[in-house]
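Trainee: Could you take me through one part of this model in detail, starting with a turn and working out to what surrounds its counterpart? I'd like to see how the pieces connect.

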Amino acid sequence: MKVILEYLKPYRLFVVLAPMFMVLEAGIELLLPKIMTKMIEYGVGNGDIGYVAKMGTTMVLLSLVGIMGGVLCLACAAKVSQTVGRDLRKDLFTKIQSFSFRNIDTFQTPSLITRLTNDITQIQMVILMSLRMLIRAPILCFGSIIMAFTIDAKMAIIFVVAFALLMLVTAVIMKQAAPRFMRVQNKLDAVNTVMRECLAGIRVVKAFMRNEYEIEKFSNANDEYKEASIGAFRLVLMIMPLMMIILNGSLVVILWVGGYAVDAGTLQVQSIIAFNTYLIQMLMAVMMLAMVFLSMSRAKVSFERVLEIFAEEVDIQNPKNPVTAEGSDGSIVFENVSFSYGENSENSILENISFTIKGGETIGILGETGSGKSTLVNLIPRLYDVTAGRILVDGIDVKNQTLEELRKKVSVVLQETILFSGSIRSNIKWGNPDATDEEMYEAAKAAKAHEFIMGFPEGYDTHLGQRGVNVSGGQKQRISIARALLQKPEIIIFDDSTSAVDAITEKNIRDSLQTAHKNTTKIIIAQRIASVKDADQIIVLKDGKINAIGCHNVLMSTSEEYQAIFDSQTKKGVIFHE
Amino acid sequence: MSDPRENRPPHVGGRPDEKKEHNQMPMGGRPGGGPPGGRPGMPIEKPKDAKKTFHRLISYMKPFWFQLVIAILSIIIITAGNLVAIKMIGDTLDTHIANFDPAGLLRACLIMLAIYGMNSFLTWLQSYLMLWVGQEVVAKIRGELADKFQKLPLKYFDQNSAGDLMSRVTNDVDSISTSLNTSISQVFQSAISVISTLAFMLYLSIPLTIASVVCIPLMFFLTRFIAGKSRKFYKEKQDKLGRLNGHIEEYISGQKVVKVFCKEDDVKKEFAVLNDDLLGVGIKAEIFSGVIGPIMGTINNITYAIIVVTGGLMMIYGFPMTLGTISNFIIYAKQITRPINELANQINSMMSAFAGAERVFEVLDVEDEPEDVKDAVILKDIRGDVVLEGVNFAYEPGRPILKNINLYANAGQTIALVGPTGAGKTTIINLLTRFYDIESGKITIDGVDLYDLQKANLRSHIGIVLQDTYLFTSTIKENIRYGRLDATDAEIKEAAKLANAHEFIKHIPKGYDSVLADGGSNLSHGQRQMIAIARAILANPSILILDEATSSVDTQTEAKIQGAMNNLMKGRTNFVIAHRLSTIKDADLIAVINGGEIIERGTHNTLMEKQGFYYNLYSSQFDEDGHSNMKKIQGESE
């Protein structure tokens, strides 16, 4: 709540004005039946045409004033809700931009997107609604009751009873309905999951001829969803009839009690008409309130989800007193580095890793899936922070360098290739917008991407769909390599980033890197021994520890693990006996 | 909460096309589910043939004609009851109250209570019936869609994105559901209510009727004017919101790259521009879509004043008019303006539901996978002799993918298909399984033409392990059981052991009963692959297809899987596609495919001797000649 007030603060003028305009509109709506009673009582009663005309004109004029109030209130509310939405969205986006890899992992990408889009929209809607309805509904509701009291206190008690009943019915049903709708949502999710999986795995389904089985599975989920929906809606359906009977019942009671009052001379017939009008107004107001509360409770969830992001502590930040390396050479030193994703180091991913890489060297990293290869290289540009030990780049602890400087020096080609929508040119130049076309061609040539790019009718201006859907996986990988090269880093890391590239092309890339980027330190994570055989050093990782380190022929004679990998890929080297 | 439809406007400005527009980001939806993909070329959503669609929807409701008749009768009775009750209020005011008559008053009150009681009950009954029918119909449609998806040829899934199909199952079916639950009965109700109320009003007092409707044209005009404006701003807003959300989607998904390149500030700047851009039009759209409410309220108030003044003047001038009639008209006027107001909205939402229904029916009308021929052959056991003779195939006419393919696999042989991406290797597999049908040529299994075989029978003899294993959200056990539904737990365990999967499954806390979330994303690639192999072992097919089965696992895991694979391949006819040539060296026949043709064939040794395409491919993976390479490294390091 406090946070939302903070956001409302800059627009407090409008926040205050909106309800005031609304008071104007609602007030006039409340006054009209009262004026009508007066008009009939004095005007019609005395046959005073002038009075009738005067009151009639007053009613029309007041209505017109009312509309001004309504529209102005709306304008203020729209302004506040949209602007607050914008501010909130901006701050949220900024906060997410400051997130480290670990923060992103905690929240997961789809969840972050939903929070930025749907949740904000939800909050915006409820602000708009609150500023209008949250004032209007109570004014109309209690105003109607008060107006009823001014006409006849005794009969107004009927209003209070009706009001209490209405609130009770709404509250009980809504309370009962909430868990049922949760169930509906869950069942719907189940239906969608079955359907989505069936679509995604259609080849498997067809290959195993499991059509009947899938249909059966779906039909169960579908039935459950149907039952749950009927169960939930059945309850909600009761609201309308119950409200109607309360309203109409009260109308009849007013008529009956009013009849006696008119007979006793304490009430005018036209007052009964006014009563009826107020009663309907009250009912509308109660319904409106119910709606507002319903959406508020939903927005509350959204708001909490947004707050969660604001509350998240960003674990990787720039050092207070950054040190700039003098003359960088691209050297990397790991000193007793350990790492674990969890708070406590029970599941350590890396344990006690130490090694030194000289500038310009090529390093290969081999190891099974889950042995910690990606984690190890992600520590170098400080995408994650070490749990223990330290890493020096250019002789300075990475934690003492600014992130900008460090990441400019160290470029990672991530395992998952992500390209952005836009032309190939804008994608390659993304990391270095100032690069010339010549430099871009050079980088693309080194990544062996130039040729296929030029093969497209529009060459470098070929437009890539979202996340690069219209090029093949291997081509995407090569574009992302070019993007990394164009940044002209001192250290470049390939995190299994040629997995979708065929062997010949991959070798060509390696060769061209060797010549065009001779002085760049290259770290290559690979599956194929061939990819790392020429490296100056090869690190074999196993269960988060360095199992062996050395160049190919040293490892061939010293490391059983390495030999095992070599054998598995060459079938005991039979191939060499040509 | 994540439903994109949440972004719909709460007010009249809402048009049927809006919810779709939200998704029409410039880039379309994300691949693979998630929010539904945009449907380009469909800016304004109107059903192409509303009448036809309506009839078709009606046909779904036919089994429920009894409920529908009751619901319609209820609506008619409710409307009549309302009119009578309101009339009675006025009459009571004029007679029993004006000239006090306790007995008459009580009687009138009791009758009114009875009418209102009945009306409430009927309202409930009517909406319950509509809910029931609506849910049943929608469940049926959803079920038919699921059935249909099983029958569609694979081609359909290759051509249509899963996201788009998902959107038809969720969004479109939902809009049918809303429409059936509420819109249709409301349209009906509104129409009946307006017509009968108007008739009744005319009967009661013509001058007051005129007073009540005099503002309706004004209302119509204003609504149309505002709706037009609102539509324009709303469209603009949705476009900008779409662009903003597209940006969010893209850059939050690519957040890690943003971090790697330290581009946070640039991305923030781009975001801020789009975000600010939205503000102005957002406010305008919000105002215009919200303004109809207050305006309607005001016009209602003016009508209220006009009725009272007209009635009052009539009373003064001695025309037949009573306070009761005035009271009645105040209520009647509300009763006709509200439905008229809502009618437009409801019709819009009905139209959008029809458009949704059309898209659903579109899927239902796609031609099924071709049926089996009459008297299709069922082979109980097969040896596994597979012959392809002069096979030609094209996904699109005029762009041949396979040209004159001839392949002979004897039972128990292993055939390897090798070649660059896009050469047509997977297409051959698609033809063998009859996922696609050949253009010309002939494929036989044990001498029987593929097209004479019952499809289910054919596929029951073929097992497939793909590169991207698809596992279902279910337990590991059930995922393996997918290979043969009647397998016992012991058989499952046996299959897992042969697939080398038993070891790691044992170490997962719940073992075989562990639930795989989200397609098995909590397992490593290799583990998923081993489960897929266990699944194939359990199915025990005579012909086995391994399509890049080990390409995405590391080589050590591959070594483990290879063992499992050898177990699996024993005694079967195998077709193997592999990137890593080391895995296929022992094949009985290696067919090198390039550009849709078999350009070389032979065993590993003969092909190596030939020093052709295969030789080059192979050497590149192992870096020239092993020996000389070793020497080179030694030379450098010394």
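Mentor: Happy to. Let's start with a hairpin in this predicted model: β11(A) and β12(A) form it, with two residues between them, and A:D543 in the turn has a positive phi of about 50°. The two strands, β11 at residues 537-542 and β12 at residues 545-550 of chain A, run antiparallel and are joined by five bridges. To find one of the pairings on your screen, pick A:I539, whose bridge partner in β12(A) is A:I549.

Now go over to chain B, where β9(B) and β10(B) also form a hairpin with two residues between them. Here the turn residue with a positive phi, of about 60°, is B:G595. Strand β9 covers residues 589-594 and strand β10 residues 597-602 of chain B; they run antiparallel, with five bridges joining them. One pairing to look for is B:I593, which has B:I598 as its bridge partner in β10(B).

The chain B hairpin belongs to a sheet, and that is the part I would look at most closely. It is an open sheet of six strands with mixed pairing, in the order β6-β7-β8-β3-β9-β10 (chain B). The edges are β6 (462-465) and β10 of chain B; each has a single partner strand, so one side of each is left without a neighbour in the sheet. From one strand to the next, the twist averages 20°.

On its other side, β9(B) pairs with β3 (residues 414-418) of chain B: these two run parallel and are joined by four bridges. Within that pair, B:A416 has B:I590 as its bridge partner in β9(B). Helix α13 (residues 425-432) of chain B packs on the sheet, where it touches β3, β6, β7 (543-547), β8 (573-577) and β9 of chain B. The direction of α13 makes about 150° with that of β7(B). Helix α18 (residues 525-539) of chain B packs on the sheet as well, touching β6 and β7 of chain B, and its direction makes about 175° with that of β6(B).

Next, the domains. The assignment divides chain B into domain 1 (12-364), domain 2 (384-461 + 543-552 + 568-638) and domain 3 (464-540). Where domains 2 and 3 of chain B touch, 11 residues come from domain 2 and nine from domain 3. On the domain 2 side, β7(B) gives the most, with four residues. By class, that side has five nonpolar, four polar and two charged residues.

Stepping back to the two chains, their contact takes 135 residues from chain B and 143 from chain A. Helix α4 (residues 102-151) of chain B supplies the largest share of the chain B side, 23 residues. That side has 70 nonpolar, 47 polar and 18 charged residues.

Finally, a word on confidence. The predictor gives the complex an ipTM of 0.79 and a pTM of 0.72. Chain B has a mean pLDDT of 79, and 87% of its residues reach 70 or more. Over residues 1-44 of chain B, pLDDT stays under 50, and the model has 110 contacts beyond four places in sequence for that stretch. Residues 623-638 of chain B have pLDDT below 50 too, with 18 contacts in the model beyond near neighbours in sequence.

Note on methods:
Residues numbered from 1 in each chain as written. Chains lettered and ligands numbered in written order. Predicted model: local features only at pLDDT ≥ 70, side-chain atom pairs only at ≥ 80, totals over all residues. Contact = placed C-beta atoms within 7 Å. Nonpolar A, V, L, I, M, F, W, Y, C, P; charged D, E, K, R; others polar. Pairing = 2+ DSSP bridges. pLDDT = per-residue confidence, 0-100. Axes fitted to C-alpha atoms, helices over the stretch in contact; angles between N-to-C directions. Domains from an automatic or database assignment.
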